[in-house]
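Here is a friendly tour of one protein, moving from the whole molecule to a few chosen spots. Keep the structure open beside you and look for each place as it comes up.

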Amino acid sequence: MKMMSDGVQKSAGDSLHRILGKMTSNRFLAMLTGMFITMIIQSSGATTVMVVSFVNAGLLSLTQSVGIIFGANIGTTITAWIVAFFGFNFKIANLAIPVFGFGYFLSIQKKIKKQSLGEALMGFGLLFLGLDMLSKAIPTLDAGSMSFLSTWTGKGLFSIIIGIVAGIGITVLLHSSSASTAIILTMSHNGLLPWEFAAAMVLGSNIGSTIDAVLAAIGTKVNARRAALIHVLFNVAGTLLAALFLHPLLDLVDWIVPGKIEDNITYHIAMLHTVFNVVNTAIFLPFANQIAMLAEKLIKPKKDETPDVYHLEFVETGSIENAAAYLVRAEKEISDMTNVVIRMFDKIKIGFSNRNKDFLEIQFEPLTKDEDFADQMQEQLSQYLIRCSQLPMGEKLKNNVSMMLHIVDALESMTDDCYSVAVLLKRSIEKNMVFAEEDMERFQPYVDLAHQFLEFIRENINKTLSKEQLEIAQNFENQIDLFRKNLKKIARKRLESGADVKAELLYIDMVRNIEKIGDRAFSISEALANTK
C-alpha cells in the first residue's frame with residue numbers, strides 16, 4: 001500500500017488530484033466512482049485500502065473518501081451476482097504478477113522516465129497479490145468445513161446473532177467479503193443454511209470486510225485513520241439497522257425475486273446483498289459531511305501531527321445568514337493557527353538546545369509540513385473571511401473581519417519566520433558550524449522571551465486587549481528589540497576580530513528572524529487592542 005501510495009503521489013501528483021477532485025466533486029459522483037472501481041477490481045477491501053492510501057497521500061479529502069467508501073459497498077455486490085450466474089471463477093489476482101512485472105520494468109528503465117508510475121503499478125500488483133494470499137491462507141475454510149453452522153439455525157434471534165458473528169469471523173479470516181459470500185452461497189445452494197441464517201451471515205460479512213481498511217490505516221496519518229473509521233462506522237451501523245428490520249428486509253427481497261426461495265436462494269442472497277448496501281448508502285449518503293465531522297471528533301491527531309490538507313468550507317444555509325456565527329468559526333480557526341505557530345517555535349527551540357542531526361531527522365520534516373499547512377490555512381481562512389465580509393453586518397463586525405484578516409497574515413508570516421530559522425539551523429548543522437558556548441547562552445534568554453510573547457498572544461487571541469495588556473505587549477517588543485541590538489553588536493565585534501564569517505552571518509540572520517516574530521506578535525497585539 002505504501003509503495004502504491006508513494007508511486008501514485010510522485011507519478012501523478014497534481015494531475016491525479018485534479019482528476020479525483022472532478023470524479024468526487026459531489027457525494028453522488030464519489031459514490032459512483034467507488035462503485036465502479038470496486039466492480040472492476042472485484043474487491044471492496046482493495047478499494048477501501050486504496051482510498052485510505054490516497055487520503056494518506058493527500059490526494060483525497062476525508063469528505064471525498066466518504067462517498068467512495070459507500071460506493072465500494074455497492075460495487076462489491078457484483079461478486080455475489082457473478083457467483084450466482086457463473087460460479088466463483090473471476091479473479092483479478094491473476095493479473096497481479098504481470099502488473100508487478102510491468103511496473104518493475106518501468107521502474108528500472110531510466111530512459112523512459114516512468115519510475116514512479118512503475119512503483120505505483122508494483123504496489124498495485126502487490127496489493128492484489130497480498131489480498132489473494134490472505135484469502136488462501138486458510139485453505140480448509142470452505143463450504144464443507146463450515147457445515148457445522150447448520151446446527152445453529154432455527155433458534156430465532158439467537159440464530160441471527162450467531163449468523164452475523166459467523167459472517168464477521170469468516171470474512172476477517174479470509175480478508176475477503178467476496179470469498180465469504182461465495183461460501184455462504186455454496187452452503188445455501190447445498191441446503192446447509194436456511195434463508196434467514198444465510199442473510200444474517202451476509203450482513204456480518206459487511207462488518208468483517210472492514211478489516212483490510214483497519215489494517216491499512218495502522219501507522220498512517222490522521223485523515224487516513226479517519227477514513228478507515230468511516231468504513232467501520234458505516235458498515236457496523238448499516239448492519240445493526242438491517243438486523244433490527246431483518247424480516248421486512250427479507251420480505252422485500254422475496255417480493256423482488258420471483259419464485260420459491262428454496263429454488264432461487266442464490267439469487268435471493270445476491271439480491272439481499274445488493275438491496276442492503278443500496279438502502280444503507282441511500283440512508284447515510286446525505287450525511288456525508290456530518291459523518292466526516294464525527295470521524296474528526298472521534299480520532300484526534302497524535303501529538304505534533306499535522307494533517308496534510310486543510311479544509312475550511314463556507315456553507316451557506318440558504319436563509320438569512322448570521323455573520324456573527326460565521327465569525328465564531330473563523331475565531332476557532334485563528335486559534336488553531338496560533339497553535340501551529342507555537343508548535344513550530346517549540347521545535348526550533350529544541351534545535352537551539354540540541355543543534356545536532358536529531359533535529360534534522362525528527363523535527364525538520366514536521367516543521368516543513370506545519371509551514372505548508374499554515375500556508376493553506378492562510379489562503380482558505382482569508383477566502384472565508386472575505387465571504388463573511390459580503391454578508392449583511394454592522395460596522396463593528398466589519399472592523400473585526402478586517403482585524404482577523406490582518407492577524408491571519410501576521411500568523412502566516414510568523415510560520416515563515418520559524419521555518420526560515422529552521423533552515424538556518426539545518427544549514428549550520430550540515431556545514432558543521434561552530435558557535436561559541438557563551439553566544440548560545442546569550443541567545444537562549446532571547447528565544448525564551450520571544451516564546452513568552454507568543455504564549456501571551458495565544459492566551460489573548462480573539463480577545464480585546466486592555467490598555468494594560470497592550471503595555472505588556474509593548475514591553476515584550478522593547479525587550480526583544482534591545483536583545484537583538486546587543487546580540488548583533490557582539491556578533492559584529494567577533495567578525496571584526498576575525499571570527500568565522502559564515503557562522504557569524506548565519507547567527508545574525510537567526511537573531512533577525514526571531515526579532516521579526518516579536519514584531520509580528522506586537523502587530524497582532526495592536527490589532528487586538530483596537531477591537532471594540
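## The protein as a whole

Begin with the overall make-up: the protein has 22 helices and zero strands. Keep in mind that you are looking at a predicted model.

The chain counts 532 residues, and 50% of them are buried. The protein exposes about 25100 Å², with carbon and sulfur atoms supplying 60% of that area. Contacts also link distant parts of the sequence: among those between residues at least 6 apart, 81% join residues at least 24 apart.

## Helix 4 against helix 13

Two packed helices are described by the angle between their axes and the distance between the axes. Try this on helix 4 (residues 44–56) and helix 13 (residues 222–244), which pack at about 150° with their axes 8 Å apart. Because an angle over 145 degrees counts as roughly antiparallel, helix 4 is described as roughly antiparallel to helix 13. The crossing of helix 4 past helix 13 is right-handed.

Which residues make the contact? Helix 4 contributes Thr48, Val52, Val55 and Asn56, while helix 13 brings Asn223, Ala224, Ala227, Ala228 and His231. Sorted by type, the residues of this contact are five nonpolar, four polar and no charged.

## Serine 65, a buried residue

Now find serine 65, which sits in helix 5 (residues 62–75). Is serine 65 buried or exposed? Its relative accessibility is 0%, so serine 65 counts as buried.

Leaving aside neighbours within four places in sequence, serine 65 touches Val51, Val55 and Ala227. You have met two of these names already: Val55 of helix 4 and Ala227 of helix 13 both take part in the contact between those helices.

## Helix 14 against helix 15

Next, look at helix 14 (residues 246–256) and helix 15 (residues 265–284), whose axes come within 10 Å and cross at roughly 120°. Helix 14 and helix 15 are therefore oblique to each other. Helix 14 passes helix 15 in a right-handed crossing.

On the side of helix 14, the contact is made by Leu249, Leu250, Leu252, Val253, Asp254 and Ile256. Facing them from helix 15 are His268, Met271, Leu272 and Val275. The residues of this contact divide into eight nonpolar, one polar and one charged.

## Helix 20 and the loops around it

Glutamine 444 belongs to helix 20 (residues 437–460). With a relative accessible area of 23%, glutamine 444 is partly exposed. Lysine 349 is 95 residues away along the chain, yet the C-alpha atoms of glutamine 444 and lysine 349 are separated by 8.7 Å. Apart from neighbours within four places in sequence, glutamine 444 is in contact with Lys349, Phe352 and Ser353.

Two asparagines in loops are also worth a look. Asparagine 432 lies in the loop between helix 19 (395–430) and helix 20, and asparagine 462 lies in the loop between helix 20 and helix 21 (467–496). Although asparagine 432 is not a glycine, its phi is positive, at about 55°. Asparagine 462, also not a glycine, has a positive phi of about 70°. How exposed is each one? Asparagine 432 has a relative accessible area of 63% and is exposed, whereas asparagine 462, at 30%, is partly exposed.

Terms used:
Residues numbered from 1 in each chain as written. Predicted model: local features only at pLDDT ≥ 70, side-chain atom pairs only at ≥ 80, totals over all residues. Heavy atoms only, no water. Axes fitted to C-alpha atoms, helices over the stretch in contact; angles between N-to-C directions. Helix = DSSP H or I, 4+ residues; strand = E, 2+ residues; numbered from the N terminus. Parallel < 35°, antiparallel > 145°, perpendicular 65-115°, else oblique. Left-handed = near helix turned anticlockwise from the far one by under 90°. Contact = heavy atoms within 4.5 Å. Nonpolar A, V, L, I, M, F, W, Y, C, P; charged D, E, K, R; others polar. Buried < 20%, exposed > 50% of the residue type's maximum accessible area, 1.4 Å probe, protein only. Areas by Shrake-Rupley, 256 points an atom, 1.4 Å probe, with all protein chains shown as cover.
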